[in-house]
Every structure is written in structure tokens, then in C-alpha cells.
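Biologist: Please take a close look at a single part of this model and describe its surroundings. I would like one connected account, starting from one residue and working outward.

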Amino acid sequence: MPQTLDHCLQTVQQQWTRPLARLGRQWSRWAGPGLAAHSRPLNLHGRTLTVAVDELRWLQAVQYSRHQLLGRLQAAGFAITDLRLQQRAPQPLSGLDGRQQQQNWEQHPSRGRKGTTICHRCKIPTPQGELERWGHCCFCQRESLPPPPRPGQVLR
């Protein structure tokens, strides 16, 4: 059934003023620019807000700031009492040229602070922390572990 333009505009306006839409539009206001660049409101179900976070370190940062963030949201009139966090893939690097993408990759947390290191056993790129901990990568460490027990096997 055809609808009038006025009806369509009212529908859009209602969706635009819903709490989740309002949260999305003003997320940086409550989360702050640092957290907002790496997180976004994903779902509002009852009094629980689910927040998508793009990297583990930012997930930990949001978790650390959870009480302050809840306080700001409640002060803004949202009836939110709990935050759920989900790690999601980061947004694509659209609009970056090859040089900018390379710089972004070189600064990625998985690259380590000292650049790329190589496992001495298998010769693959390895985080520095694994080399410091075991002297080789996690894959080589896994190879050196005893096999897991079979179901029903008694351990002595």
C-alpha cells in the first residue's frame, strides 16, 4: 500500500530518536574520543548495552572505564545498568593509500614494539613476548608439549 511522504518521514524521525540511534550519534560524547574511535554501541536490550570494540587492548580499556561510562550514560538519561563487550573486526581502512596502510600495519599491536622478530626454530614472524617467554614461537611451544590424554585415560 503506498504511503505518504509525511508518514515515511515520521517513521525515519522515530527511528532517529530511539535510544540506540542517539547513543550512536553521540558516542564520542560519553565514551571520549579515544574509546569512541575503537568502539561503538551495537545493541540495546532492556537495560544492557552491547558495545563492539575493534581490538583487545581497547576492549580492556572499555572494561577498565566501564563504571565511569555507565555513570555518564545514566547521567545523560539512559536507563543502562550493564555493559556487554564484544570484540569485532576493525572497520576497513578505506581511504588510506598504500603508505598509510603500511604504517598502520607496522603500528598494529601484534607487530610488537621492537618490530618483527623471527622464531629461531621455524623461521616465522613471531611476537617478541613469545620469544622472551619460551625462546621460540607458540607453535613450536605447542609441538614440545606432551600429547593430551585420551578420553578415559587415567593420569598418573
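**A strand residue and its surroundings**

Modeller: Ser39 is buried, with a relative accessible area of 8%. The model is a predicted one, and the values that follow are computed from it. The 8% of Ser39 falls under the 20% limit, which is why the residue is called buried.

Ser39 belongs to strand S1, which covers residues 39–45. Two polar contacts of its side chain can be described. One is with the side chain of Trp27, at 3.0 Å. In the other, a polar atom of the Ser39 side chain lies 2.6 Å from the backbone oxygen of Leu35. Leaving aside residues up to four places away in sequence, Ser39 touches Trp27, Val51, Ala52, Val53 and Val62. Trp27 thus appears both as a polar partner and in this list of contacts.

Val53 has a further role, since Ser39 stands opposite this residue of S2. Strand S2 spans residues 48–53 and pairs with S1 in the antiparallel sense, over six bridges. The hairpin of S1 and S2 has two residues between the strands, and Gly46 takes a positive phi near 65° there.

From S2 the contacts lead on to strand S3, where Arg84 is found. With residues up to four places away again set aside, Arg84 touches Thr48, Leu49, Thr50 and Val51, and also Arg66. Val51 is therefore a contact of Arg84 as well as of Ser39. The C-alpha atoms of Arg84 and Arg66 are separated by 9.7 Å, and the two residues are 18 apart along the chain.

Arg66 also forms a salt bridge with Asp82, with 3.4 Å between the closest N and O atoms. Asp82 lies in strand S3 (residues 82–87) and Arg66 in helix H6 (residues 66–75), so this pair ties together parts that are 16 residues apart in sequence. Their exposure can be stated for each: Arg66 counts as buried at 14% relative accessibility, whereas Asp82 is partly exposed, with a relative accessible area of 33%.

The salt bridges number two. In the one still to be described, the side chains of Arg57 and Glu55 meet at 3.0 Å, N to O. Glu55 is buried at 13% relative accessibility, while Arg57, at 46%, is partly exposed.

Definitions and conventions. Residues numbered from 1 in each chain as written. Predicted model: local features only at pLDDT ≥ 70, side-chain atom pairs only at ≥ 80, totals over all residues. Heavy atoms only, no water. Pairing = 2+ DSSP bridges. Helix = DSSP H or I, 4+ residues; strand = E, 2+ residues; numbered from the N terminus. Salt bridge = Lys/Arg side-chain N within 4 Å of Asp/Glu carboxyl O. Buried < 20%, exposed > 50% of the residue type's maximum accessible area, 1.4 Å probe, protein only. Contact = heavy atoms within 4.5 Å. Polar contact = N/O pair within 3.5 Å; in protein donor to acceptor, adjacent residues only side chain to side chain.
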